[in-house]
Amino acid sequence: MVKKIQKQKRINGFAIRFMPYSEIKNLNSTQRIKKVLEIVFENYILILQGRLKPEEETRLIEDTMAMIGHVKNFKGIELAVISSDDKTSTIDRLRNRIAISLSGGDLGAVTIIGPASVVKEIKRDPKKIELMLNK
Amino acid sequence: MAIKIVKNFFKRIFSGIFQNKKEVKLGFYGPPNAGKTSLANRICKDFTGEEIGSVSKIPHETREVQFKEKVEIEYKGKSLTFKMVDTPGIATKVDYEDFLKYKVNKKDAKIRAKEATQGIIESIRWLDDMDMVVVVLDATENPYNQVNITLIGNIVARKIPILIVANKSDLRKANVKKIEEAFPEYTVIGMSAKYGKNLEEFYEEVFKLSKKSK
Ligand SMILES: Nc1nc2c(ncn2[C@@H]2O[C@H](COP(=O)(O)OP(=O)(O)O)[C@@H](O)[C@H]2O)c(=O)[nH]1
Ligand SMILES: [Mg+2]
């Protein structure tokens with residue numbers, strides 16, 4: 001019985017945190033990335049409404065690299081942005097981009113960020129997205 | 001009016017003369033193991049006789065930005081001088097245990113991982129310096145990878161002219177078309193760095209693109 005519970009616990013050893021865009025809307029880039037990484041360090045898979053700016057995405061990669069070896073058991077992240085402009089026409093896309101650059105965000109997008117120790121891979125193609133977890 | 005014409009005339013003549021002196025900084029970017037160094041080596045070897053760095057099947061072989069200056073590429077009677085910049089592959093995770101399966105010992109694997117993380121930071125920092133970027137992707141891999149998308153998004157946001165290479169086209173599993181479909185807004189060249197396949201088209205595009213760079 002005890003064994004069974006332990007086994008189950010291991011399989012379910014991950015948690016998901018949802019974050020509406022409003023939580024990061026008024027933060028600057030440094031604060032945003034700090035907030036995102038803090039959640040990932042706690043081993044949560046973060047589902048963020050909206051997306052980071054391109055330079056924030058690279059900043060996130062840089063800061064992730066800087067933290068490997070400094071945070072225990074941290075090996076990096078898995079990251080995927082599902083954007084609303086994937087399916088739309090070029091003109092809509094352009095319009096979207098302009099709107100995004102003005103407002104920041106792109107609320108139609110969803111960003112998934114998880115610790116690499118929990119998320120093995122985020123498999124994606126234009127039609128679907130799959131989260132593969134580490135056992 | 002006349003002065004302006006004369007000025008422009010001299011400007012043209014001088015830029016013509018100095019065109020070969022001005023180096024175009026050409027960056028090779030992409031995920032680990034895509035063949036960035038293989039491609040940069042082939043070009044450097046063809047035009048200088050020397051290679052830029054070492055190639056390996058072990059990921060993160062290149063862990064420091066390496067460059068070769070004054071590489072004069074001649075193509076169809078035209079000539080341009082490049083500073084070739086080969087960068088460490090960009091990834092969102094680095095696990096030293098991944099190196100163990102290549103018979104790297106644990107201590108060296110840890111050092112390699114540490115250097116790889118620093119190399120990734122260095123790659124990203126160098127991006128702002130580039131006049132032109134070749135994104136090298138492995139055509140046997142799924143192109144819908146966030147690193148590719150983030151990298152290309154950043155190059156475009158920085159207004160740097162970009163060219164995508166779908167490398168390893170010699171392999172049966174290679175799917176150049178899939179890369180074209182993933183990035184329809186950009187020029188994608190299917191080629192093999194290892195066997196020197198389709199280099200002509202590559203040079204053609206590089207020369208075309210160099211006109212757009214600042
Ligand atoms: N089949 C094939 N293998 C290649 C090609 N280009 C590179 N490789 C191999 O891919 C591996 C990684 O190459 P490398 O140039 O070190 O990649 P980098 O990490 O992007 O610099 C090596 O084993 C190369 O021999 C190619 O065009 N075809
Ligand atoms: Mg290399």
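How are H4(A) and H4(B) oriented to each other, roughly parallel or roughly antiparallel?

1. This is a predicted model, with local features needing pLDDT of at least 70 and side-chain atom pairs counting only at pLDDT 80 or more, while totals for chains, interfaces and linings use all residues. Residues are numbered from 1 along each chain as its sequence is written, chains are lettered from A and ligands numbered from 1 in the order written, and side-chain values use heavy atoms, with hydrogens and water left out.

2. On the helix pair: H4 of chain A covers residues 54–67 and H4 of chain B residues 106–126, and they pack at about 155° with axes 8 Å apart. H4(A) and H4(B) are therefore roughly antiparallel (angles over 145 degrees, taken between N-to-C directions on a scale from 0 to 180). The crossing of H4(A) past H4(B) is left-handed (the near helix is turned anticlockwise from the far one by less than a right angle).

3. Now ligand 1. Its shell holds 16 residues (a heavy atom within 4 Å), with B:Gly35, B:Lys36, B:Thr37, B:Ser38 and B:Asp170 the closest. By class, that shell has 7 polar, 5 charged and 4 nonpolar residues, with Gly counted as polar. Helix H2 of chain B (residues 36–48) gives the most, 3 residues; helices here are DSSP runs of at least four residues.

4. Polar contacts (N or O pairs within 3.5 Å) reach oxygen atoms of ligand 1 from side-chain atoms of B:Lys36 at 2.7 Å and B:Ser192 at 3.1 Å, and from a backbone atom of B:Ser56 at 3.3 Å. Taken alone, ligand 1 exposes 580 Å², and the protein buries 90% of that (Shrake-Rupley, 1.4 Å probe).

Terms used. A polar contact is a pair of N or O atoms within 3.5 Å; within protein, one must be able to donate a hydrogen and the other to accept it, and residues adjacent in sequence count only if both atoms are side-chain atoms. Helices (H or I, at least four residues) and strands (E, at least two) are DSSP runs, numbered from the N terminus. Angles under 35 degrees count as roughly parallel, over 145 as roughly antiparallel, 65 to 115 as roughly perpendicular and the rest as oblique.
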